[in-house]
Amino acid sequence: MAEVSAGLVKELRELTGLGMMECKKALSECGGDLKKAEELLRIKSGAKANKAASRVAAEGIIGAWLSADAGTGSLVEVNCETDFVARNEDFLAFAQSVAETVAARDPGPAEEDRRQKLVQKIGENITIRRFKRMQAKGKLALYVHAGSKIGVLVDYEGGDEVGKDVAMHIAFAKPAHLSKTEVPGDIVERERSIQLARAKESGKPEEIARKMVEGALNKFLGEISLLGQPFIKDDKQSVEKMLAAKKAKVHGYAFLVVGEGIDKPQPVH
């Protein structure tokens with residue numbers, strides 16, 4: 001094998017993100033030809049990346065970005081296999097970079113190339129799972145919680161503290177809808193039928209049973225909608241009443257939770 005300089009090894013490491021020994025070996029095999037060594041490593045580490053892709057990536061972080069004028073914001077869930085890698089500087093930088101890209105456009109070939117290189121460097125499966133982009137009608141508040149495991153954007157009008165409070169509330173309560181009127185009809189009807197069956201089981205007179213159904217349905221819709229939920233800082237009032245008291249308004253929101261809905265492999269005992 002040919003002898004290669006430390007400078008050449010360093011250059012190949014910067015190009016591929018792979019370890020020193022792998023780079024040195026590739027350069028030796030290719031007679032010190034940098035381009036051929038890079039191609040060789042791409043072939044070898046590409047196979048490594050393909051193997052990693054079959055492993056479940058349910059850890060990770062929410063990358064978040066907000067423009068200086070609070071008019072545009074984005075959230076992106078970037079997953080990896082272990083919480084250890086979720087704290088890796090290169091992984092964090094990648095997630096942040098993708099979040100900034102998402103504010104302007106969907107991830108494309110450039111992000112995929114960087115993702116593959118990161119898989120090769122770190123040795124874990126890494127995925128850009130999903131993302132959300134918001135353009136404000138009012139202004140945006142951004143809140144990232146629990147070691148970047150939850151990210152929230154709120155489009156609102158009012159004081160800065162209102163935006164932060166609502167974002168924190170969403171991170172805690174995770175409302176499925178903004179208001180009761182936005183809950184899809186099929187969900188409303190399914191819940192109504194459940195409550196109707198319960199009312200019939202109770203044996204109450206029809207008029208009382210009907211009131212029971214409407215009361216239970218209204219409570220259910222309040223629990224799953226942001227404006228109807230008890231405000232986390234004062235559960236004696238709803239989020240809607242808190243906003244009204246502060247002459248504030250919420251136009252919309254978005255949030256992502258790391259690993260939500262991913263089936264994680266169970267440990268073998």
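How are α7 and α8 oriented to each other? Select helix α7 (residues 185–202) and helix α8 (residues 206–224): their axes come within 9 Å and cross at roughly 140 degrees. Axes here are lines fitted to C-alpha atoms, for helices over the stretch in contact, and angles run from 0 to 180 degrees between N-to-C directions. α7 and α8 are therefore oblique to each other; angles under 35 degrees count as roughly parallel, over 145 as roughly antiparallel, 65 to 115 as roughly perpendicular and the rest as oblique. α7 passes α8 in a right-handed crossing (the near helix is turned clockwise from the far one by less than a right angle; anticlockwise would be left-handed).

Before moving on, note that this is a predicted model, in which local features need pLDDT of at least 70 and side-chain atom pairs count only at pLDDT 80 or more, while totals for chains, interfaces and linings use all residues. Residues are numbered from 1 along each chain as its sequence is written, and side-chain values use heavy atoms, with hydrogens and water left out. Helices (H or I, at least four residues) and strands (E, at least two) are DSSP runs, numbered from the N terminus.

**Second helix pair**

Next, select α1 and helix α2 (residues 20–29), whose axes come within 9 Å and cross at roughly 115 degrees. That makes α1 roughly perpendicular to α2. The crossing of α1 past α2 is right-handed.

**Sheet β1-β2-β3**

Now select the three strands that form an open antiparallel sheet in the order β1-β2-β3. Two strands pair if DSSP finds at least two bridges between them. β1 and β3 (127–135) are at the edges with a single partner strand each, so one side of each has no neighbour in the sheet. Direction ignored, neighbouring strands of this sheet are turned by 15 degrees against each other on average.

Strand β1 (residues 59–66) pairs with strand β2 (residues 72–80) over eight bridges in the antiparallel sense. Pick Gly 63 to find Val 76 of β2 opposite. The hairpin of β1 and β2 has five residues between the strands, and Ala 70 takes a positive phi near 60 degrees there. On the β3 side, β2 and β3 are joined by eight antiparallel bridges; Ser 74 has Arg 133 in β3 as its bridge partner.

**Sheet β4-β5-β8**

Another open sheet has three strands in the order β4-β5-β8, with antiparallel pairing. Its edge strands are β4 (139–145) and β8 (249–257), each pairing on one side only. The twist averages 15 degrees from one strand to the next.

β4 and β5 pair over seven bridges, and Leu 142 is matched with Leu 153 in β5. Between β4 and β5 the hairpin has four residues; Ala 146 in the turn has a positive phi of about 55 degrees. Strand β5 (residues 150–157) and β8 pair over eight bridges. Select Tyr 156 to locate its bridge partner in β8, Val 250.

**Largest pocket**

Finish with the residues nearest the centre of the largest pocket: Asp 90, Arg 114, Lys 117, Leu 118 and Lys 121, out of 11 that line the pocket. On a 1 Å grid over the protein atoms alone, a pocket is an open set of points where a 1.4 Å probe fits, with protein on both sides within 12 Å along at least five of seven lines; lining residues have an atom within 4 Å of a point. The elements giving two or more residues to this lining are α1 (6–16), α4 (89–102) and α5 (109–122).
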